[in-house]
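Okay, everyone, thanks for coming. I'd like to walk you through one model today, so let me put it up on the screen.

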Amino acid sequence: MKDITVMIIGLLIVVCVGTVVGVLLKRRVHKMVDRVDQRRLEIYHRNIPEEIAKVKKLTMSGQTEKQFESWRALWDQLVDVRLPNLEEALVEVESLTARYKMKAAKVALAEVEQELTEINVQLDKMVAEIGQFVEAEKENRADIEGVRASYRKLSALLIQKRVAFGESLSALDAEMADMKQQLALFEQLTENGDYLQARTLLIALIERLSQLEGQAAVIPTLLVKAKTTFPHELSQLIVGIRQMEDSGYHLASFGLDEKVAALQSVVEVAYNEIGALQVDEASARLTAVEREIEDLYEVLEKEVQSQKQLQAMLPSFKEIVANVKGQLDALLNETIHVKKSYLLSEAEANLHELLRKELMQHQQQLQVIVDMTEAEDETFTATNEKAVLWRQQMQSLSDKVAQGLERLRCLRKEELQAKEVVTRLRTVMLETKRKLHKSNIPGVPVILIEALDEAEQKVNTAKEALTHTPLEMDKIEQWLNEAIALVEDNATQAETLINDARLAEQVIQYSNRYRGKSTEVRERLLHAEQAFLAYEYQQAIEVAQEAVASYDGDVVQKVTQLLNTK
């Protein structure tokens with residue numbers, strides 16, 4: 001009996017749970033149906049009729065009329081057939097839900113949603129197409145008057161200044177005639193309601209008209225350049241070339257005739273391009289021609305200037321050679337004279353011969369330059385460049401001779417300076433020895449004595465070398481530099497030694513007041529005195545300071561102050 005009761009309770013629980021789940025699923029599907037139906041109503045209430053009505057304001061013919069009928073039929077089908085069918089489909093979904101056929105209800109609901117999405121896409125496309133038609137008509141209406149005005153203005157310009165357009169006139173007239181036909185076609189398309197095609201055509205017309213206006217603005221100027229200005233300039237250039245050749249200028253190597261002929265061909269090509277309305281290409285060619293004509297005139301101007309410079313320079317070249325020869329003679333005499341007293345380096349001894357050979361090379365180059373001025377195949381420009389370079393090289397040679405001469409003359413001055421240095425160093429050494437003797441210090445460390453002897457030996461070596469001929473100034477200068485370093489260092493060390501000895505003596509004397517304090521102090525001070533007598537003055541100071549440090553840690557500072565006040 002108990003088992004039956006449990007089974008009944010379990011069955012009741014399952015039924016209750018199933019009922020609750022069914023109720024929840026039905027509620028969920030009902031919400032989904034309400035949401036989908038809301039989408040259907042939103043489509044139904046879209047302002048599509050108002051959008052379609054905008055097209056009625058346009059010319060109802062041709063493409064516009066065809067599209068209007070298509071859009072209206074699509075909307076009528078949606079309102080009369082597809083949307084009501086979708087409403088019935090939603091009722092069927094609710095019926096399936098009521099019978100707990102949830103899977104079938106969801107499938108049917110998904111199909112309704114898919115169709116609503118497709119309808120929205122179709123309507124969005126329709127609205128966009130309507131907007132294109134309306135906007136195209138609006139833009140065409142705004143632009144066409146400006147295009148007509150520009151066309152009339154350009155047409156009037158071509159009539160008023162037909163002569164100025166020369167060979168390009170026939171091409172311009174053909175363009176204008178074609179644009180006139182395009183304007184008529186635009187009007188026809190507009191009357192037929194083909195606004196999109198009319199818009200495409202009008203945009204192309206605007207671009208063509210703008211391009212043609214730009215071409216018309218520059219064609220007269222370009223034609224003048226191509227037909228008159230540049231041909232005349234090139235002809236004058238040929239005349240100038242012939243006149244210069246008759247005056248003695250040798251211009252063949254420049255290839256001017258060939259260059260002028262090539263420019264004349266380019267001008268002719270540009271002229272034909274203008275006639276074919278290839279204005280950009282022609283303009284670029286003529287700009288290049290103008291630049292090259294300027295370059296050719298610069299070549300001729302440079303040739304004239306070069307000839308004048310040569311006439312001014314050549315007479316002075318013999319004088320330049322003579323002056324350098326005079327410098328070399330002075331260098332040779334000075335070298336011979338200096339060799340008697342001084343030992344010259346190989347470079348200094350051979351400098352005259354080296355520079356003499358260089359002068360001979362420049363003289364040969366000068367003869368080449370003179371020959372070039374008389375040759376019929378050499379330009380004054382090339383000759384002048386060589387002449388300018390030759391003058392620079394001769395100036396460089398002159399500078400080298402002058403520097404060599406100055407170097408030789410400086411040797412005597414270096415000898416006197418060396419003797420003065422020897423005298424000064426001997427004075428410093430004597431003063432250093434005098435200070436050491438006068439200081440009455442116990443003695444001088446061996447290392448300082450050896451340094452003093454070495455310095456004296458260096459000075460004596462340099463002094464002895466200054467008495468022999470020929471003088472080896474390089475070696476003498478080396479010995480003196482070594483002697484200067486030693487003498488100055490010795491003087492500094494001697495001064496330091498004297499000060500250390502004086503300080504050590506006073507520190508030991510001052511520290512003796514603590515000698516009786518302990519045996520250790522007495523022994524340390526004895527060691528300090530021994531270091532003092534052994535000429536180890538710095539060590540004596542340190543040992544004495546350590547001996548009395550526990551009684552007086554500032555002994556060195558105190559003694560230093562006392563010495564400075566004396």
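Before I point at anything, one term: when I say salt bridge, I mean a side-chain nitrogen of Lys or Arg within 4 Å of a carboxyl oxygen of Asp or Glu. And keep in mind that this is a predicted model.

With that in hand, here's a pair to start on. Arg162 and Asp173 make a salt bridge, and their closest N and O atoms are 2.8 Å apart. This one ties together distant parts of the chain: Arg162 sits in helix α5, residues 162-165, and Asp173 in helix α6, eleven residues apart. So are these two buried or exposed, or something in between? Arg162 has 34% relative accessibility, so it counts as partly exposed. Asp173 comes in at 29%, so that one is partly exposed as well.

Okay, let me zoom out. The protein has 566 residues, and buried ones make up 33% of them. How many helices and strands do we have? There are 16 helices and zero strands. If you take the contacts with a separation of 6 or more, 78% of them are between residues 24 or more positions apart.

Now, confidence. The average pLDDT for the protein is 77, and 77% of the residues score at least 70. Where is it lowest? That's helix α1, residues 2-44, with a mean of 58, while the highest is helix α8, residues 256-275, at 90. Over residues 15-24 the pLDDT drops below 50, and beyond near neighbours in sequence that stretch has two contacts in the model.

On to the packing. The largest nonpolar core has 64 residues, and the members that touch the most others are Ile219 and Ile274. Which elements feed into this core with two or more residues? You get α4 (102-160), α6 (169-191), α7 (195-246), α8, α9 (279-339), α10 (346-374) and α11 (380-438). The largest share is from α7, which puts in 16 residues. If you want to click on Ile219, look for Phe165, Ser168, Leu172, Ile274, Leu277 and Val279 around it; those are its contacts once you skip residues up to four places away in sequence. Apart from that core there's another one, of 31 residues, including Ala501, Val507, Phe532 and Val548.

Hang on to Phe532, because it brings us to helix α14, where it is one of the buried residues. The helix covers residues 519-533, so 15 residues, and from first C-alpha to last it reaches 21 Å, close to the 21 Å expected at 1.5 Å a residue. Along with Phe532, the buried residues in α14 are Val521, Leu525, Ala528 and Ala531. Look down the axis and these buried residues fall within an arc of 110°, so they line one face of the helix. What's on the face turned away from the buried side? There you find the exposed residues Glu520 and Leu533. Just past the end of α14, Tyr535 has a positive phi of about 70°.

Back to α7 for a moment, since there's an arginine I want to show you. Arg199 is in that helix, and at 15% relative accessibility, under the 20% cut-off, it counts as buried. What does Arg199 touch, leaving aside neighbours within four places in sequence? Its contacts are Ala136, Glu139, Asn140 and Asp143.

Last topic, more charged pairs. The whole structure has twelve salt bridges, and I'll pick out a couple of others. Glu245 and Arg242 meet through their side chains at 3.3 Å, N to O. Both are in helix α7, three residues apart, about one turn of the helix. Glu245 is partly exposed at 31% relative accessibility, and Arg242 is partly exposed too, at 34%.

Then there's Lys400 with Glu358, at 3.1 Å, N to O. This pair links distant parts of the chain, with Lys400 in helix α11 and Glu358 in helix α10, 42 residues apart. Here the two ends differ: Lys400 is partly exposed at 33% relative accessibility, whereas Glu358, at 19%, counts as buried. And one to look at on your own screens: Glu145, Arg148 and Glu187 are joined into one network by salt bridges that share partners.

That's my tour, so over to you.

Methods:
Residues are numbered from 1 along each chain as its sequence is written. This is a predicted model: local features need pLDDT of at least 70, side-chain atom pairs count only at pLDDT 80 or more; totals for chains, interfaces and linings use all residues. Side-chain values use heavy atoms; hydrogens and water are left out. Helices (H or I, at least four residues) and strands (E, at least two) are DSSP runs, numbered from the N terminus. Buried means under 20% relative accessible area, exposed over 50%, partly exposed in between (1.4 Å probe, protein chains only). The arc is that of the directions from the helix axis to the C-beta atoms. pLDDT is the predictor's confidence in each residue, from 0 to 100. Contact means heavy atoms within 4.5 Å. A nonpolar core is a set of buried Ala, Val, Leu, Ile, Met, Phe, Trp, Tyr and Cys residues joined through side-chain atoms within 4.5 Å.
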